[in-house]
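Me: I've got a model here and want to go over its charged pairs and its pocket. Can you walk me through them?

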Amino acid sequence: MQQDTNLWGPDAHQFNTGRFEHGVLGASKFPQSYMPFGVGTRICIGQHLAMTELKVVVALLLSKFCFSVSPAYRYAAAFRLVIESEHGVNV
């Protein structure tokens, strides 16, 4: 599916970063066809390593900052699919 010319155009077999100029939605006729790690039994063997590396990098970046809740914050629970703050959280 990643090299299907019906989905990606005549240059589907070429490395073309310009294809994603307008984001994933504009890259293909069907946005669901973009699966960088694959699906099912043909899944990329490096997916778990890549995701673990991403979590480590984000944790290292966040450890360099100090977060605190704004004094103007007022709590109001919104009961939707999950419980979340009605007005967001200002940090």
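Reply: First a term: buried means under 20% relative accessible area, exposed over 50%, and partly exposed in between (1.4 Å probe, protein chains only). This is a predicted model, where local features need pLDDT of at least 70, side-chain atom pairs count only at pLDDT 80 or more, and totals for chains, interfaces and linings use all residues. Residues are numbered from 1 along each chain as its sequence is written, and side-chain values use heavy atoms, with hydrogens and water left out.

Me: Is Glu-84 buried, partly exposed or exposed?

Reply: Its relative accessible area comes to 35%. That value sits between the 20% and 50% cut-offs, so Glu-84 is partly exposed.

Me: Which residues are joined into one network by salt bridges that share partners?

Reply: A salt bridge here is a side-chain nitrogen of Lys or Arg within 4 Å of a carboxyl oxygen of Asp or Glu. Arg-80 meets Glu-84 at 2.6 Å, N to O, and Glu-86 pairs with Arg-80 at 3.5 Å. Shared partners make one network of Arg-80, Glu-84 and Glu-86.

Me: Which side chain does Arg-19 meet in a salt bridge?

Reply: Arg-19 is buried, at 13% relative accessible area. Its partner is partly exposed, at 22%. The N to O distance is 3.2 Å, and the partner is Asp-11.

Me: What relative accessibility does Cys-44 have?

Reply: UniProt, in an unreviewed entry, places a "binding site" at Cys-44; positions follow the numbering used here, feature names are shortened, and annotations may be inferred rather than shown by experiment. Cys-44 counts as partly exposed, and its relative accessibility is 33%.
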